[in-house]
Amino acid sequence: MQQDVDTMKLNPRDQQIFSAVMNMYCNGEGLPVPSTKIAKLKGMAVCSATVRNAMARLEKVGLLYSPHTSAGRVPTNEGFDYWFDEFFVLGDIANYWQPQQSQLVELAHGLSQKYQVCCCVGLPQASSQQVFRVEVLDFDSTDWLILLIDRAGQSHNICIDKPHDSSDSVRYQFATWLNTVFSQQTLMEGLYRMQAMANTAPRNCHDSLNQWTRHLSQKLGSDNSIVVGENYLYKQIDCEQSLNIGVSFLNYVEDKLAFKNGLSVLNSEKLPFTECNELIVISVPYFQNQEYQSRFCIICPKSAQIEEIIQEFKLIEASNS
């Protein structure tokens with residue numbers, strides 16, 4: 001059946017009816033689409049019998065199926081694959097996307113709330129960020145707060161234990177030394193320089209320097225992600241297992257979509273959620289300073305407003321150009 005789908009050419013009427021079924025099914029509700037609703041669409045200009053015959057042909061080649069007798073049709077996995085291949089030029093959408101971190105977080109929250117979907121976003125790799133300046137603040141009775149600030153004004157904030165002498169003068173000396181170490185360097189290079197230049201650090205900080213360097217290395221070298229809207233999935237799908245969505249999920253998607261730029265879609269049979277065949281993933285890689293960073297993924301039911309979500313990324317593409 002899959003070979004038929006890959007090699008077939010639908011006539012224009014069947015294409016139009018198939019597209020109408022997809023649009024009506026992927027509206028956030030996911031109800032079977034009856035022929036009568038298709039026939040009443042503006043601009044369709046066909047009767048219900050013609051639509052039924054077309055739906056029967058679409059079912060025969062594996063694009064649609066009927067969950068119940070006279071219940072209307074819903075798309076199959078092959079139907080979704082065909083829809084994405086024939087009706088969208090996915091690789092050209094949001095090609096070479098280079099957002100700011102604040103845009104990533106804002107977009108994830110916005111899409112999640114607007115379309116009732118889950119967004120999983122890999123945050124930029126901290127270790128590759130270039131430091132513009134460093135500040136050391138007196139955070140509380142036991143910690144200093146280090147702000148590693150890039151040229152855009154975004155910072156990575158890390159608490160470290162205060163040294164035995166934590167006077168303001170020592171803190172200012174340590175901040176001056178850190179600025180010498182990290183200035184115009186990536187965070188990872190700055191860590192190497194902290195070790196190499198340890199003997200030039202303020203003497204009162206020597207005892208704590210190894211501990212701080214180790215703490216910074218652990219913090220900056222760890223992968224990170226944000227997940228928003230996960231509760232929407234559990235409300236909308238029939239799935240007993242807990243979905244492992246986070247860094248490991250992003251790594252899985254990266255493996256599946258290696259070297260694919262622009263927008264891509266992973267259908268249910270390609271996902272790691274073995275008990276949930278109702279999900280689909282829309283994924284876009286993003287870059288900073290021409291280097292790949294991570295992926296922005298939307299995990300949603302197949303009934304979600306997929307065309308509208310894709311349109312959101314078309315708007316991103318337009319804003320980047």
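This report looks at the chain as a whole and then at five of its residues.

## The chain as a whole

The model is predicted. Its chain has 12 helices and 10 strands. The C-alpha trace spans about 85 × 40 × 35 Å along its principal axes. The radius of gyration is 26 Å, whereas a compact globule of 321 residues would have a value near 20 Å.

Buried residues account for 46% of the 321 residues. The accessible surface amounts to about 16,300 Å². Carbon and sulfur atoms hold 45% of that surface.

Contacts also reach across the sequence. Among contacts with a separation of 6 or more, 60% join residues 24 or more positions apart.

The chain carries 25 positive and 35 negative charges. The mean positions of these two sets lie 7 Å apart.

## Five residues in brief

The table gives the relative accessibility of each residue.

| Residue | Relative accessibility | Class |
|---|---|---|
| Ala 45 | 79% | exposed |
| Ala 94 | 1% | buried |
| Cys 120 | 0% | buried |
| Thr 142 | 46% | partly exposed |
| Thr 213 | 6% | buried |

## Two alanines with positive phi

Ala 45 sits in a loop. That loop runs between α3 (35-39) and α4 (48-60). The phi angle of Ala 45 is near 55°, which is positive although the residue is not glycine. Ala 45 has 79% relative accessibility, so it counts as exposed, the cut-off being over 50%.

Ala 94 also belongs to a loop, here between α5 (77-87) and α6 (101-115). Its phi is near 55°, again a positive value in a residue other than glycine. Is Ala 94 buried or exposed? Ala 94 is buried, because its relative accessibility of 1% falls under the 20% limit.

## Cys 120 in strand β3

Cys 120 is part of strand β3, which covers residues 118-122. Its relative accessible area is 0%, so Cys 120 is buried. Which residues does Cys 120 touch, beyond those up to four places away in sequence? One run of partners is Ile 226 and Val 227. Others are Ile 245, Gly 246, Phe 249 and Leu 250. Arg 295, Phe 296, Cys 297 and Ile 299 complete the list.

Glu 230 is 110 residues away from Cys 120 along the chain. Yet the C-alpha atoms of Cys 120 and Glu 230 are separated by 8.9 Å.

## Two threonines

Thr 142 is found in the loop joining β4 (133-138) and β5 (143-149). With a relative accessible area of 46%, Thr 142 is partly exposed, because that value lies between 20% and 50%. Beyond its neighbours within four places in sequence, Thr 142 contacts Ile 160, Asp 161 and Lys 162. Arg 73 is 69 residues from Thr 142 along the chain, and their C-alpha atoms are 64 Å apart.

Thr 213 lies in helix α9, which spans residues 206-220. Thr 213 is buried, because its relative accessibility is 6% and the limit is under 20%. What does the side chain of Thr 213 reach at 2.8 Å? The side chain of Thr 213 reaches the backbone oxygen of Leu 209. Thr 213 also contacts Leu 191, Met 194 and Gln 195, when neighbours within four places in sequence are set aside.

Terms used: Residues numbered from 1 in each chain as written. Predicted model: local features only at pLDDT ≥ 70, side-chain atom pairs only at ≥ 80, totals over all residues. Heavy atoms only, no water. Helix = DSSP H or I, 4+ residues; strand = E, 2+ residues; numbered from the N terminus. Buried < 20%, exposed > 50% of the residue type's maximum accessible area, 1.4 Å probe, protein only. Polar contact = N/O pair within 3.5 Å; in protein donor to acceptor, adjacent residues only side chain to side chain. Contact = heavy atoms within 4.5 Å. Rg over C-alpha atoms; globule rule 2.2 N^0.38 Å. Areas by Shrake-Rupley, 256 points an atom, 1.4 Å probe, with all protein chains shown as cover. Lys, Arg positive; Asp, Glu negative; His and termini not counted. Charge placed at Lys NZ, Arg CZ, Asp CG, Glu CD.
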